[in-house]
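These are my notebook entries on a single structure. The sequence and the model are placed below for reference.

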Amino acid sequence: MDTVVERCAGLDVHKDTVVAAVRTPGQDAGEGGRVTQVRTFGTFTGELLALRDWLTEQRVSVVAMESTGVYWKPVYYLLEDAVECWVVNAQHMRNVPGRKTDVADAVWIAQLLEHGLVRPSFVPPPPIRELRSLTRYRRTQVEERTREVQRIDKVLQDAGLKLSSVASDLLGKSGRDMLDAQVAGQRDPDQLAELARRQLRVKIPRLRQALTGRFTDGHALVLGEILAHIDFLDASIARVSASIEEVIRPFRVERDLLATIPGIDRRLAEAIIAEIGVDMSVFGSAARLSSWAGMCPGQHESAGKSRSGRARHGDTWLQRHLAVAAMSAARSKNSYPSAQYARLLAHHRGKPRARKAVGHSLLVACFYILARSVPYQDLGADFYQRRNSPQRRARKSLEDLRSLGWTITETTDGVHCTPPHDEAA
């Protein structure tokens, strides 16, 4: 095979060691005049700097490594300023069955890179990486807060209190006052119901019934800890959001443009930018972005038969953000995403498939908005009706006739179609 990269290296990265195999031209080598050098380094910063110095000394131009957990990150971050680094998909690098060692893996990676048989994965630049770590941590904190809110209802149900059957929000002002009063020792349903505010006061008789139960000191202890944890999470989320606001400052224009898409607010826009960045040239097209994200059907054809169309794994964080955006867009009124979701459900595709299809459309919109720096332009809730209108079908039929050689003449009486001379004869 042809040599695509003249001086390259393959790294087999582990938690405590990195095995580096360098492939360079050499006169004392048998195999096509290529020399392979292998060394093992530790993963402490000083040892990684020694690895960088060795690669620079060997004049390596490209380094490839597998995306093994999070262990590749410190190696990549220290090398990216000195040499072009590639993170490659482990599924694309199946080794020959037989003896498997760390040295063999490193040499195999270097050989695949040398002959151009692997391609790099998308690794965002440092500003986007910082934003990504913050948005992902905020997402985990928000999910933890949601779990704690669900635990509140479990505690109340265990105590026989049906507050969630009357109040729509357990942590609204009225609900929080009642929970704090119970933690403080108040057990009288009448006194607790009087803490209701505004519209909830009309439900005071039902609140008295819902707040009658067997709430014990054990329940109060657990409920107090849950409320304290929720307060801590609220403060943590606020601090992380403030930090995100500073990091997102260079990308405010892109965030505001993405926020024009139905179902995507500013927080979701920040999360999407953290996953795909703002430079769409690295993907090249909306189709490649969708494939990378795992938001489009897969393709598996063998012997002329199409087998599984299951989508690839892709970026699971981005998929979760798009799923939330898709469900929010599906509830919006007079928009193309809501019409698309309803149409897929009408064709019995199921909610998961409909949600993923709408998420794919939103991701395509994100690509073109970021690539062209334009706000979102909705196709309209009547897009499918307009697409299948009689006027459109008539225009399509006339275009087909013209392509077959027919002569189309438009007059005040209507449209006259004349067949080709050979057919007329």
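**Entry 1: the end of α10**

I looked first at what follows α10 and found G277, whose phi is positive, near 75°. Helices here are DSSP runs of H or I with at least four residues, strands are runs of E with at least two, and both are numbered from the N terminus. I noted that this is a predicted model, in which local features need pLDDT of at least 70 and side-chain atom pairs count only at pLDDT 80 or more, while totals for chains, interfaces and linings use all residues. Residues are numbered from 1 along each chain as its sequence is written, and side-chain values use heavy atoms, with hydrogens and water left out.

**Entry 2: positive phi outside glycine**

I recorded the general rule that most residues other than glycine have a negative phi. I then looked up two residues with a positive value. R59 is not a glycine, yet its phi is about 55°. R59 sits in the loop between α1 (45-57) and β4 (62-66). R59 counts as exposed because its relative accessibility is 58%; the cut-offs are under 20% relative accessible area for buried, over 50% for exposed, and partly exposed in between, with a 1.4 Å probe and protein chains only.

R198, likewise a residue other than glycine, has a positive phi near 45°. I located R198 in the loop between α6 (189-193) and α7 (204-210). With 73% relative accessibility, R198 also counts as exposed.

**Entry 3: the cover of α10**

How many of the 11 residues of α10 are buried? I found nine, and I noted the helix as mostly covered. The buried residues are L268, A269, E270, A271, I272, I273, A274, E275 and I276. They pack against α4, α8, α9 (252-258), α11, α12 and α14.

I chose E270 of helix α10 for a closer look. E270 has a relative accessibility of 5%, so it counts as buried. Contact means heavy atoms within 4.5 Å. Beyond its neighbours within four places in sequence, E270 is in contact with L131, T135, R138, I244, E245, I248 and R255. E270 and I248 are 22 residues apart along the chain, and their C-alpha atoms are separated by 7.3 Å.

R138 belongs to helix α4. R138 counts as buried, since its relative accessibility is 6%. Its contacts, with neighbours within four places in sequence left aside, are I237, V240, S241, I244, R267 and E270.

**Entry 4: helix α12**

I turned to α12 and checked its length. The 15 residues of α12 should span 21 Å at 1.5 Å a residue, and the end C-alpha atoms are 21 Å apart, which agrees. The expected span is 1.5 Å times one less than the number of residues.

At the N-terminal end of α12, D315 acts as a cap, with a side-chain oxygen 3.1 Å from the backbone nitrogen of W317. Which residues of α12 are buried? I listed W317, L318, Q319, H321, L322, A325, A326, A329 and A330. Their cover includes α4 (126-158), α10 (266-276), α11 (286-293), α13 (336-346) and α14.

**Entry 5: α12 against α14**

Helix α12 (residues 316-330) packs against helix α14 (residues 351-372) at an angle of about 100°, and the axes are 8 Å apart. α12 and α14 are therefore roughly perpendicular to each other; that term covers angles of 65 to 115 degrees. On the side of α12, the contact is made by L318, L322, A323, A325, A326, M327 and A329, and on the side of α14 by R355, V358, G359, L362 and L363. I sorted the residues of this contact into 10 nonpolar, one polar and one charged. In this scheme Ala, Val, Leu, Ile, Met, Phe, Trp, Tyr, Cys and Pro are nonpolar, Asp, Glu, Lys and Arg are charged, and the others, Gly among them, are polar.

**Entry 6: two further buried residues**

T24 lies in strand β2 (residues 17-25). T24 is buried, with a relative accessible area of 4%. Not counting residues up to four places away in sequence, T24 touches E6, R7, G33, R34, V35, Q37 and Q58.

I226 lies in helix α8 (residues 217-247). At 6% relative accessibility, I226 counts as buried. Not counting residues up to four places away in sequence, I226 touches E148, R151, I152 and V155.

Note on methods. Axes fitted to C-alpha atoms, helices over the stretch in contact; angles between N-to-C directions. Parallel < 35°, antiparallel > 145°, perpendicular 65-115°, else oblique. Polar contact = N/O pair within 3.5 Å; in protein donor to acceptor, adjacent residues only side chain to side chain.
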